[in-house]
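Opening my notebook on a structure I haven't looked at before. I'll jot down what I look up as I go.

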Amino acid sequence: MQDTTYEESNSLMARLLKWRSKYVSDRQLLLLLSFFVGLLAAVAAYVLHWLIRKIEMLLTAGFEASSFNWLYLVLPVVGIYLTSLFVKYIVRDNISHGITRILYAISRKQSRLKGHNCWSSVIASAITIGFGGSVGAEAPIVLTGSAIGSNLGQRFKLDGRTMMILVGCGASAAIAGIFKAPIAGLVFTLEVLMIDLTMASLLPILISSVTATCFTYILVGSQSLFIFTLDGEWMVERVPATILLGIFCGLVSLYFIRMMTFCESIFARLSKFPYVKLLIGGLALSSLIFLLPSLYGEGYSSINILLNGKTEADWGVLLNNSLFYGSGGLLMVYVGLVLFTKVIATSATNGAGGCGGTFAPSLFIGAFSGFFFARLWNVNQIGIYVPEKNFSLLGMAGVMAGVMHAPLTGMFLIAELTGGYKLLIPLMIVSICAYLTIILFEPHSIYGMRLAREGKLLTHHTDKSVLTLMSLDSVIDKKFTSVNKEMELGKLVNVISMSDTGYLPVLDGAGTLLGEVDLMKIRNIMFRTELYHHFTVSQIMSQPSAVLGVEDPMEDVMKKFEQTDAFVLPVTDPEGHLIGYISRTRMYAMYRKIVADMSQE
């Protein structure tokens, strides 16, 4: 019965594809699919946040604000354990680092994401965050939206360039849908996913962003995720404080990235011991949440307190459910501790087996950074008074711009999210200063740095992007005629007569490359029959100018060709076994083809 249903489904899809190819152009199909990507991404975002709210309300509804709660020591560990079981036994694939996974798919897998990514991250992150995991829901939704775009493209058998645009549509729709910020969604794909904004990609991405925003309004109403009212007009006298805030946010971003990398390296060493990871990460997370309940979940309620508070009593709500309750004089200590430990809590959540992103944590840390800076500025009366709530908002843009290397995304997202366009000038100043500060220390965003180290990051740099998109395997010629080192010259000449190449690799019995016979180097003796029994391959073979590894990035491959001026170079696996040869001609032909494809509108 199942086979019959599968065959009918394939037959229906085949008929649909045939009808589409006859009546619908590729351009029209792309615009149509971009609409459905926006719709489905908005629904996925709504479902995820609904699940998170329901789980959180169910677990924490009875907590007393005036005292600490022992369940904070248990709930996060249970959530991470349930998530790890779901991933291990149902998903059976790695779904962490959602946005990094998208960047990898764009640069290495022709924008192909697996089908389960359309739903697996939604369920896993809902469990993690609902039970208190100190991560964000945005990266899982971005992965979900991109996977929806990718899988729709795969079903309609679209080319790699169009698939990349659909992945960008899914990502922009996810951001636009979550925050009701269509411009931020568009800019996000440009800055973070580094998809070039051409006329071919602009309209589909805009359609997805606007569609997701509209359907989010239909599903949840007009209320913003963060409630904000401007505290006084922005004054030019606050420019020095705004510049210093931007630099401070850049340094906080540096701490965020470096601490995240350090914690990830610790958990990576424990990858073979999942229960040890769960124990260490779970205990670290639950202990931090018990002491600092603001670290529970996404932390958006704490951000709203900072964005709307005006008095000590308003800000004192942050201390509810904690050991600090009623100690308003320790507010700055509490804020400083939360600011310092949030990244540790986020790393512990993901490292222990949870599922979530760093998007919300960057907003969270940014709000606390802005508030912390403004309070220090005002308490010490360094200069003109700066409103804490305004600077909390500016801090969100600053840390996001630094962590993601995306000043435009930080600027427009915060402006759209809160209706704070009256603060657009200081938002620009903070975002730019934070970005200029972080790039002095980190050339890549937190999402791209892992791939950049491996030479697998697609960027706006055309030459590097082309080399990243090139597949080493696609240019390797695996057809070759090998010889052994004991072969006499006479037999070698016979082999040469049947070979189509000007080189013969010399291999041992295990297939290990020992050297090569270059016909140009032996032409003075190969036709002298009297020498046929006097020379063996071992005497006339030479070492290649360079040897390429099967895992070498194409940028290194290109450099070796330029350095050696070789026509062909051998490719070996890590054990030294010959895989094949790459010719300069074939490699440059592939390079030109990809450049031409990328140049098409």
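In which sense do strands β4 and β5 pair, and over how many bridges? I looked it up: β4 (residues 568–572) and β5 pair in the antiparallel sense, over 5 bridges. Note to self: this is a predicted model.

**Entry: who faces whom.** I went along the two strands for partners. V568 stands opposite S583 in β5, and L569 stands opposite I582 in β5.

**Entry: the turn.** I then checked what joins the two strands. β4 and β5 make a hairpin, with 5 residues between them. In that turn I found G576, which has a positive phi of about 90°.

**Entry: the whole sheet.** I wanted to know what else belongs here. The sheet is an open one of 3 strands, ordered β3-β4-β5, and its pairing is mixed. β3 (548–549) and β5 are at the edges with a single partner strand each, so each has one side without a neighbour in the sheet. Helix α24 (residues 554–564) packs on this sheet and touches β3, β4 and β5. I also noted the angle: the direction of α24 makes about 140° with that of β4.

Is β5 mostly covered or mostly open? It's mostly covered: of the 6 residues in β5 (578–583), 5 are buried. I'm keeping that beside the edge note, since β5 has a single partner strand in the sheet.

**Entry: a covered helix.** Next I turned to helix α5 (residues 120–130), where 10 of the 11 residues are buried. Among the buried ones I listed V122, A124, I127 and I129, and also S120, S121 and T128. What covers them? The cover includes α2 (26–60), α3 (75–91), α6 (138–155) and α14 (331–351). After α5 I came to G132, whose phi is positive, near 115°.

**Entry: a patch on the surface.** α2 turned up again when I looked at the outside. V43, Y46, V47, W50, L219 and V220 form a nonpolar patch on the surface. Together they have about 460 Å² of accessible area.

Which helix gives the most to the patch? That's α2, with 4 residues. α2 and α9 (199–220) each supply at least two. I also reminded myself of a general point: an α-helix has 3.6 residues a turn, so residues three or four places apart point the same way.

**Last entry: V220.** I picked out one patch member, V220, which is found in helix α9. V220 has 44% relative accessibility, so it counts as partly exposed; the partly exposed range lies between under 20% for buried and over 50% for exposed.

Terms used: Residues numbered from 1 in each chain as written. Predicted model: local features only at pLDDT ≥ 70, side-chain atom pairs only at ≥ 80, totals over all residues. Heavy atoms only, no water. Buried < 20%, exposed > 50% of the residue type's maximum accessible area, 1.4 Å probe, protein only. Pairing = 2+ DSSP bridges. Contact = heavy atoms within 4.5 Å. Axes fitted to C-alpha atoms, helices over the stretch in contact; angles between N-to-C directions. Patch = residues over 30% accessible without salt bridge, like charges linked within 9 Å, V, L, I, M, F, W, Y side chains within 5 Å. Areas by Shrake-Rupley, 256 points an atom, 1.4 Å probe, with all protein chains shown as cover. Salt bridge = Lys/Arg side-chain N within 4 Å of Asp/Glu carboxyl O.
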